[in-house]
Amino acid sequence: MLEGKSDIGGYVVSHPWHEGDPPALNACLGELPAPATHYYLHDLAILPERRGGGAGAAAVATLLDHAAAGGFDRVRLVAVGGSGRYWARHGFTALAPAGKTASYGADAQVMTRPVAGGGSGVALAPSFRGDAERRARNP
């Protein structure tokens, strides 16, 4: 969760994943893959009134810090709805199309970026940090 001074301004859903196809939308993961090869950014949502003030950049930096702490060297995502330019501004580059992106829509674009040099030292919100620590202990 992205916490403000008095409320929640957005959320990030992310998890370890493996080479190959991204996880299908609207499907239960079942379990996380072992071994995982990268960190996967499944969803980032910021409330409209929080956009444009750096909340998205702070969320990406926090996610990169979290991925680095988990020992991952890269983050992947599927850009949808024309969001590829947004993600490119945050250092993501397009990969060759993956086979299972149909559930993401016709314009889905698999993107990746290295973790190194991307974090900011921004602290994870307590609820996010607790979830991350539990996942790290129980991969």
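This passage describes the fold of a predicted model, from its overall makeup to the strands and helix at β2, β3, α1 and β4.

The protein chain contains 3 helices and 6 strands. In sequence order these elements are arranged as β-β-β-α-β-α-β-β-α. Of the 139 residues in the chain, 37% are classed as buried. The accessible surface amounts to about 7800 Å², and carbon and sulfur atoms account for 56% of that area. When contacts between residues at least 6 apart in sequence are considered, 68% of them link residues at least 24 apart.

Strand β2 spans residues 8–17, and strand β3 spans residues 38–46. The two strands run antiparallel to one another and are joined by 8 bridges. Within this pairing, V13 has D43 of β3 as its bridge partner. Burial is pronounced in β2: 7 of its 10 residues are buried, so the strand is largely enclosed by the rest of the structure. In a regular strand, side chains point alternately to one face of the sheet and the other.

On pairing with β4 (residues 74–79), β3 adopts the parallel sense, with 3 bridges between the two strands. Here Y39 lies opposite V75 of β4. The connection from β3 to β4 passes through helix α1, residues 55–69, and the resulting β-α-β crossover is right-handed. Strand β3 therefore takes part in both an antiparallel pairing, with β2, and a parallel pairing, with β4, where a pairing requires at least two bridges.

Helix α1 comprises 15 residues, for which a rise of 1.5 Å a residue predicts a span of 21 Å; the C-alpha atoms at its two ends are 21 Å apart, so the expected and modelled values agree. The buried residues of α1 include G56 and A59, the run from V60 through A61, T62 and L63 to L64, and also H66 and A67. An α-helix makes a turn every 3.6 residues, so positions three or four places apart point the same way. Immediately after α1, G71 adopts a positive phi of about 85°. This glycine follows the helix on the path that leads from β3 to β4.

Note on methods:
Residues are numbered from 1 along each chain as its sequence is written. This is a predicted model: local features need pLDDT of at least 70, side-chain atom pairs count only at pLDDT 80 or more; totals for chains, interfaces and linings use all residues. Side-chain values use heavy atoms; hydrogens and water are left out. Helices (H or I, at least four residues) and strands (E, at least two) are DSSP runs, numbered from the N terminus. A crossover is right-handed if, with the strands pointing away from the viewer, the path from the first strand over the helix to the second runs clockwise. The expected span of a helix is 1.5 Å times one less than its number of residues. Buried means under 20% relative accessible area, exposed over 50%, partly exposed in between (1.4 Å probe, protein chains only). Contact means heavy atoms within 4.5 Å. Accessible areas come from the Shrake-Rupley method with a 1.4 Å probe; for residues, only the protein chains shown count as cover.
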